[in-house]
Amino acid sequence: GVASAVASLVARGAEALPSWSAPGALGVALGVRSVDPALRPACARVRPARRLATDADAGSGADAEGSSMRFGSGLSNNETLSVAVAEAVAEVKATLGHDRVPSWVQLAVSADYPDPTRAAAFVAECFAPAGGANLANPQPQPAIFGGVVTGCIGGAGQTMDGPSVSIVAADMGPDAEVIQFTADDASLPKQVTPAQWARLMASGDSSSSASSGDSSSSPSSGASPSSPSSVGSVLAGESVAVLALCRPDFIEVDDFARRVHGVAPGGVVVGGAVKPGGLLFANGGVCDESIAVSGVFVRGRFRMTAHSLHSCRPVGRRMTLTRAVDGHVLDLDGRSAGDVLSRMLRELP
């Protein structure tokens with residue numbers, strides 16, 4: 001089970017991962033890395049300074065720049081699901097700190113496991129507070145979302161074939177608010193309360209964000225915390241992000257994104273689709289088939305940019321783009337791109 005897998009990992013130790021810190025948190029792409037480092041597009045990117053984590057970092061609440069925001073990513077190819085989750089979580093905890101509970105966790109599980117339904121429960125167990133539940137002083141639980149996908153990217157690598165588990169987790173700091181949601185259509189999520197919508201609208205208003213100062217500067221995360229009970233206490237320069245995965249047949253996804261942007265015009269919506277027929281995860285369980293999208297709203301002092309990354313397997317040899325017009329590839333290595341593609345497809349195994 002997960003407990004024995006974690007015990008074995010603790011016994012042999014975990015190698016420290018690169019640490020992502022912020023203000024302005026930049027650099028994590030929801031576990032996605034491009035094949036060519038020169039291209040390196042990303043689904044979502046927050047921009048922190050990057051450096052190697054130390055033992056002191058893992059136990060502290062802030063990095064060398066005074067920020068409490070931290071990201072971690074892990075990947076495992078173990079054929080046993082519980083062990084794969086434990087290994088990926090151990091890689092994440094090497095960056096976040098062993099006892100640090102993340103604000104949100106994105107879970108991606110390849111479709112090669114016979115029964116992936118317990119994956120989210122394993123993740124919740126691994127991030128459970130040390131010493132078990134404390135009813136008198138309950139600890140915050142991470143918002144877990146994700147799904148079953150074709151391939152996984154995270155940690156120090158990627159897999160397109162065979163069993164794999166990828167986990168991306170973030171501790172957004174005490175000033176951030178994370179709201180878990182699911183939706184079965186393009187309507188705004190019902191789990192978000194009116195007070196939460198009010199805070200999201202105030203933070204995600206692009207006009208108010210623009211008036212808070214130079215948009216190119218990274219806001220400091222050391223500002224006084226915002227109070228969840230008052231809209232007026234929302235900090236100037238706060239941003240709203242939506243991280244989500246949906247089913248591939250959710251044809252209303254554009255309408256859903258437009259409605260979210262209607263509430264938070266300055267917000268950024270990023271995510272992807274699970275494998276056709278694949279499961280969606282929310283918190284510690286599996287979503288029923290009526291649920292079309294699972295994700296989180298994140299409100300806080302950070303800057304986020306969105307890019308497009310298509311999950312395609314690279315084929316053929318590396319070539320140089322020699323002619324293009326308006327984004328259309330015409331020639332590769334001085335030859336017609338159509339001819340090159342036709343020959344490449346014929347040669348595929």
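## A three-stranded sheet

Two strands pair if DSSP finds at least two bridges between them. In this predicted model, 3 strands form an open sheet in the order β17-β18-β19, and their pairing is antiparallel. The edge strands, each of which pairs on one side only, are β17, covering residues 321-325, and β19, covering residues 335-336.

Strand β18, which spans residues 328-332, pairs with β19 in the antiparallel sense over 2 bridges. Across this pairing, Asp331 stands opposite Ser336 of β19.

## The loops of the sheet

Each of the loops that link these strands can be described through an aspartate with an unusual sign of phi for discussion here: Asp326 lies in the loop between β17 and β18, while Asp333 has its place in the loop between β18 and β19. The phi angle of Asp326 is near 50°, a positive value in a residue other than glycine, and that of Asp333 is near 55°, again a positive value in a residue other than glycine.

How exposed or buried are Asp326 and Asp333? Asp326 has a relative accessibility of 74% and therefore counts as exposed, since the exposed class begins over 50%. Asp333, at 31% relative accessibility, counts as partly exposed, because this value falls between the 20% and 50% limits of that class.

## The packing of α3 and α4

Two packed helices are described by the angle between their axes and the distance between the axes. Helix α3, residues 81-96, packs with helix α4, residues 119-126, at an angle of about 40°, and their axes are 9 Å apart. Angles under 35 degrees would count as roughly parallel, and those from 65 to 115 as roughly perpendicular, so α3 and α4 are oblique to each other. The crossing of the helices α3 and α4 is right-handed.

On the α3 side, the contact is made by Leu81, Ser82, Val85, Ala86, Val89 and Lys93, which meet Ala119, Phe122, Val123 and Cys126 in α4. By character, the residues of this contact between α3 and α4 divide into 8 nonpolar, 1 polar and 1 charged.

## The protein as a whole

The protein contains 8 helices and 19 strands, and of its 349 residues, 46% count as buried. Among the contacts between residues at least 6 apart in sequence, 78% join residues that are at least 24 apart.

Technical notes: Residues numbered from 1 in each chain as written. Predicted model: local features only at pLDDT ≥ 70, side-chain atom pairs only at ≥ 80, totals over all residues. Heavy atoms only, no water. Axes fitted to C-alpha atoms, helices over the stretch in contact; angles between N-to-C directions. Helix = DSSP H or I, 4+ residues; strand = E, 2+ residues; numbered from the N terminus. Parallel < 35°, antiparallel > 145°, perpendicular 65-115°, else oblique. Left-handed = near helix turned anticlockwise from the far one by under 90°. Contact = heavy atoms within 4.5 Å. Nonpolar A, V, L, I, M, F, W, Y, C, P; charged D, E, K, R; others polar. Buried < 20%, exposed > 50% of the residue type's maximum accessible area, 1.4 Å probe, protein only.
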